[in-house]
Amino acid sequence: MPQRIRFPETQRCSNWADEKNDSVQLSLDKIARLPAHQHREELIKALSHNRVVICVGETGSGKTTQIPQFVYDNISAQEDTLNEGWMVGITQPRRVATIAVAQRVSDEIKLQSDQQKGSEDKNYHSLVGYTIRFDDHTDKYTKIKFMTDGVLVRESLKDPLLSKYKVIVLDEAHERSIHTDLLFGLIKTILEKRDDLRVIITSATLDYAKFSRFFAKDSDQQSPKVVESLMKSDCPVIKIPGRMYAVDIFHSKQMQIVGKHGPISTYVRSAVETALQVHNSEPPGHILVFLTGQREIEDACRQIRKLHKEQRSQDDPLDLEVFPLYGALSGSQQRRIFRMVSEEAVRKIIVATNVAETSLTIDGIRYVIDSGFTKQKVYNPARQIEALVVVPISKVAAQQRAGRAGRTAPGKCFRLYSKESYDQMMSETIPEIQRTNLANTMLYLKLLGIQDVLKFHYVDPPDQDSILDALMQLNTLGAISSDGKATRIGRIMSEFPLEPKMSRCVVEAIRFDCDEEMMAIVSMLSTEQIFVSNDRRQMKRKRTEENDDNYDDFTEEREERAKKLLQRDLLDLHGDHLTFCRILIAYERAPNRRAWCEMLGLHSGGLRMALSIYSQLREIRRSMDLSPEFQNWYRKYRAKNDHTSLSSRIRKSLCAGYHSQLGVQCRNQNIYKVVSSGVQEGPDGASASSEILLAHLHPLSIYTLDSIASSAPTTCLYHQIIHTSKNFLQHVVSVETSWINEYTKPTLTKEQLYALCGLKAPSFERFGVSGALVQPGIVDEGYATQRRDDAIAKARERFLARKQS
């Protein structure tokens with residue numbers, strides 16, 4: 001029997017999709033019936049008497065769209081609406097949600113303006129704006145500004161008090177993105193200096209008691225006057241019920257099995273088949289499928305369309321529309337997903353990442369298919385390796401996904417994992433700040449003048465060793481000095497909205513007069529998809545990734561694409577990075593860009609995004625020339641012209657940022673030994689601590705092409721490691737060992753590490769033989785795992801040798 005769950009505070013409501021009055025299906029009556037409106041006065045009153053208010057709004061309550069409008073109406077009633085001196089800022093963890101919510105709120109305000117005034121007020125057109133990385137849609141009239149949390153963090157670098165915001169709303173706080181966690185600490189510090197700032201923390205599921213205590217806690221270092229002005233009791237918590245119908249939950253018999261490098265299951269194919277079974281057997285209603293990433297989603301969409309075409313009968317009453325939904329989608333593609341259709345005539349299947357768990361609401365969803373997995377970025381300080389890995393979701397995430405089916409009518413959730421697997425899931429998702437590389441976060445704090453980052457206001461403090469590792473990275477990059485203060489290089493790096501390693505490459509490229517090319521490279525690296533993947537290659541990849549003994553993805557299509565790129569001088573034998581540079585510059589010059597991409601098998605959407613990033617980076621670079629501080633640095637540190645080739649200058653600049661991500665070729669040309677800068681080599685060239693990781697070149701690297709494989713470098717840098725059936729080095733470039741040595745620094749001692757925080761090293765820390773910090777609980781496990789992996793690899797090599805003889 002299925003498990004039937006009645007979500008709390010059930011309230012019957014009409015289905016917005018049943019109305020035919022206009023394209024966005026808005027009406028003031030429906031907006032007014034949202035549960036959030038019943039708590040409007042309570043929220044405004046709490047905000048007037050408290051510096052911080054926590055709002056727990058269940059799915060469908062309208063908290064995301066209505067609270068910013070409540071706040072704006074309350075402030076504008078007291079101040080000049082067009083006064084440029086104030087703004088309401090709302091953060092979202094995800095780009096897709098930021099754009100979609102901003103558009104929705106803008107439509108609602110425009111509707112109210114039209115009905116109240118009878119004509120459109122020109123100022124309402126830009127009253128609501130949004131800003132995401134590399135995309136700003138605000139102007140001087142913007143009063144309600146939606147943005148990703150990272151944007152607000154970057155704004156704090158130039159305006160540490162965030163003085164233009166009267167109210168800041170941190171939405172979807174339960175997702176605990178690294179930037180949201182950083183904002184919690186920054187805002188707590190700002191509240192000590194600004195009496196006029198108000199903060200609202202909103203979420204669908206949140207440990208509100210923890211956050212209430214966090215913002216109510218008085219620091220021992222505050223003056224009595226400041227303590228008196230701060231709250232002396234926990235922050236008020238306002239609970240807004242949602243509009244939820246009952247959801248039937250069905251579990252499969254498949255256990256979630258996670259191997260060393262990710263899931264051992266065919267959940268993508270199961271999701272495709274389940275989606276079509278639901279379409280063929282269930283009443284009208286849209287279907288939401290949760291998968292882990294862009295590639296999986298695009299693959300699943302193709303499979304669904306293909307199988308539906310093969311299976312469709314003439315008496316099928318519903319047309320089927322299949323849409324992908326992930327962070328890299330353009331605005332026009334997103335709007336297609338939210339376009340209203342008749343549910344009696346059309347069924348949508350939306351295949352999405354976890355962006356659709358809470359951040360976005362798509363009307364008409366009646367069925368949810370939950371793969372039970374998500375993709376997370378995980379960092380291992382012991383190996384100094386960051387990787388994207390597929391992991392099981394938490395119970396909270398599973399409940400959120402199921403709740404998507406009960407927004408507008410009773411629904412069903414099909415979980416592609418067993419009840420036992422659900423019981424074994426973690427209760428909550430681990431905060432990102434406790435599992436990812438903190439280098440960017442620590443650089444922000446240093447630029448804000450926070451010397452002792454160990455004692456910063458963290459809701460859930462990251463491991464101390466992770467913080468020290470991040471500081472060590474920044475010191476190696478030259479972003480902070482030996483006493484832990486931000487350097488001029490670090491300040492220049494912060495001008496670019498990039499990860500520290502990327503921005504360091506750009507700074508070095510400025511010195512070597514190849515910054516235009518480097519900005520093209522990092523723009524391409526910031527894009528999720530460059531090459532088009534067709535059905536045949538995707539199916540072949542799926543088969544080969546499940547067979548560890550024979551991984552081979554050299555399809556005829558890829559070789560044909562390589563020939564076309566070679567003919568147009570777009571393939572650079574020095575590596576993927578330089579190839580990306582050539583492709584983007586040629587794309588910019590192409591008269592018909594879409595046709596050019598189709599001819600070469602390139603992803604036009606990905607290149608369009610890369611070009612947009614490239615344009616904005618160049619604009620930032622041009623503005624830097626106006627800075628006297630930058631000009632002084634440039635004149636002092638500009639590299640001398642020694643007639644080195646452009647290719648060598650670019651690759652050497654890449655070493656400035658990625659010298660710690662080094663691969664050394666093994667006997668098998670396609671396999672590399674990953675060498676971490678934190679691992680010391682023994683006299684025989686082997687790792688003194690057996691900290692060895694073997695990895696294959698990623699199938700989309702140019703060096704995996706048959707025609708180029710012989711040119712694979714003996715020493716390379718890689719952009720990141722991807723874990724699927726094996727370890728794969730994604731985006732590699734040929735470098736010289738002498739370049740690596742120029743940028744590599746000696747391992748810091750424990751005293752030097754703590755000096756980066758302005759502290760003395762405690763005597764009880766656990767350190768390795770060289771005095772370098774060791775990550776407790778990770779290294780030992782990593783050593784044991786690696787020894788086992790090495791033994792298996794050697795046994796397999798001996799077996800193959802005997803078999804060949």
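This report walks through a predicted model, looking at a sheet, a pair of helices, one glutamine and the cysteines.

## The sheet and the helix on it

Let's begin with the strands. Eight of them form an open sheet, and reading across it the order is β5-β4-β6-β3-β7-β8-β2-β9, with mixed pairing. At the edges sit β5 (135-137) and β9 (237-240), each of which pairs on one side only. If you ignore direction, neighbouring strands of this sheet are turned by 20 degrees against each other on average.

Helix α2 (residues 40-49) packs on this sheet. Try finding the four strands that α2 touches: β2 (52-57), β7 (165-170), β8 (198-203) and β9. The direction of α2 makes about 135 degrees with that of β8.

Now go to the β5 edge. Strand β4 (residues 128-132) and β5 run antiparallel, and three bridges join them. To see this pairing up close, look for Ile-132, which stands opposite Asp-135 in β5.

## Two packed helices

Two packed helices can be described by the angle between their axes and the distance between those axes. Helix α17 (residues 500-511) and helix α24 (residues 628-637) are a good pair to try this on: their angle is about 65 degrees, and their axes lie 9 Å apart.

Which residues make the contact? From α17 come Val-507, Ile-510 and Arg-511, while α24 supplies Phe-630, Trp-633, Tyr-634 and Tyr-637. By type, the contact of α17 with α24 has six nonpolar residues, one charged residue and no polar ones.

## A buried glutamine

Next, find Gln-69 in helix α3 (residues 63-76). Is Gln-69 buried or exposed? Its relative accessibility is 5%, so Gln-69 counts as buried.

Leaving aside residues up to four places away in sequence, Gln-69 touches Val-105, Glu-108, Ile-109 and Gln-112. With one of these neighbours, Glu-108, Gln-69 also shares a polar contact of 2.8 Å between the side chains.

## Cysteines without a bridge

How many disulfides does the structure hold? The count is zero. Cys-505 helps to show how such a case is judged. The closest cysteine sulfur to that of Cys-505 belongs to Cys-655 and is 8.4 Å away, which is too far for a bond, because a disulfide needs the two sulfur atoms within 2.5 Å.

Where do cysteines sit with respect to the surface? Cys-505 has 0% relative accessibility and therefore counts as buried. Cys-301 also counts as buried, because its relative accessibility is 0%.

Technical notes: Residues are numbered from 1 along each chain as its sequence is written. This is a predicted model: local features need pLDDT of at least 70, side-chain atom pairs count only at pLDDT 80 or more; totals for chains, interfaces and linings use all residues. Side-chain values use heavy atoms; hydrogens and water are left out. Axes are lines fitted to C-alpha atoms, for helices over the stretch in contact, and angles run from 0 to 180 degrees between N-to-C directions. Helices (H or I, at least four residues) and strands (E, at least two) are DSSP runs, numbered from the N terminus. Contact means heavy atoms within 4.5 Å. Ala, Val, Leu, Ile, Met, Phe, Trp, Tyr, Cys and Pro count as nonpolar, Asp, Glu, Lys and Arg as charged, and the others, Gly among them, as polar. Buried means under 20% relative accessible area, exposed over 50%, partly exposed in between (1.4 Å probe, protein chains only). Two strands pair if DSSP finds at least two bridges between them. A polar contact is a pair of N or O atoms within 3.5 Å; within protein, one must be able to donate a hydrogen and the other to accept it, and residues adjacent in sequence count only if both atoms are side-chain atoms.
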